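Subject: A structure for you to look at

Hi there,

Here is the structure I promised to pass on to you. Have a look at it first, and then read my notes below.

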Amino acid sequence: MTRSILRYTKHRITQHPDTELTFEAKCLTCDWEAAPSSDGATVDVECMSHTGRTQHDQFRRLCTSVALVERAE
């Protein structure tokens, strides 16, 4: 019978400091997509403008970031 020793280390996850969040949106009614941006409000305004032109009112919104996992000291 083999025995194992398990060692647990605490970690933390944060947004990578050298990257920005990226916001995106896609209309669920047609193929329209907002241009990706680091400013979420800009993407929201594009969605509202699309709704004003087309009456399409449902969007898939994405917020993407790069995660950094480090050992907690």
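Among contacts in the chain between residues at least 6 apart in sequence, what percentage join residues at least 24 apart? The figure is 59%. Please keep in mind that this is a predicted model.

Let's start with the overall fold. The chain contains four strands and one helix, and their order along the sequence is β-β-α-β-β.

Next, the overall dimensions. The C-alpha trace spans about 70 × 30 × 15 Å along its principal axes. The radius of gyration of the chain is 20 Å, whereas a compact globule of 73 residues would have one near 11 Å. Buried residues account for 15% of the 73 residues.

Now the surface and the charges. About 6,200 Å² of the chain is exposed, and 50% of that comes from carbon and sulfur atoms. There are 11 negative and 9 positive side chains, with the centres of the two sets 16 Å apart.

Finally, a detail to find on your screen: the structure has one aromatic pair. The ring centres of tryptophan 32 and phenylalanine 59 are 5.9 Å apart and their planes meet at 75°, so this pair is edge-to-face, as planes over 60 degrees apart count as such. The two partners sit 27 residues apart, in distant parts of the chain: tryptophan 32 is in the loop between β2 (22–27) and α1 (40–54), and phenylalanine 59 is in strand β3 (residues 59–64). Tryptophan 32 has a relative accessible area of 18%, so it counts as buried, the cut-off being under 20%.

Enjoy exploring!

Best wishes

Notes
Residues are numbered from 1 along each chain as its sequence is written. This is a predicted model: local features need pLDDT of at least 70, side-chain atom pairs count only at pLDDT 80 or more; totals for chains, interfaces and linings use all residues. Side-chain values use heavy atoms; hydrogens and water are left out. Helices (H or I, at least four residues) and strands (E, at least two) are DSSP runs, numbered from the N terminus. The radius of gyration is taken over C-alpha atoms; the globule rule is 2.2 Å times the number of residues to the power 0.38. Buried means under 20% relative accessible area, exposed over 50%, partly exposed in between (1.4 Å probe, protein chains only). Contact means heavy atoms within 4.5 Å. Accessible areas come from the Shrake-Rupley method with a 1.4 Å probe; for residues, only the protein chains shown count as cover. Lys and Arg count as positive and Asp and Glu as negative; His and the chain ends are not counted. The place of a charge is taken as NZ of Lys, CZ of Arg, CG of Asp or CD of Glu. Rings of Phe, Tyr and Trp (its six-membered ring) pair if their centres lie within 6.5 Å; planes under 30 degrees apart count as stacked, over 60 as edge-to-face and the rest as tilted.
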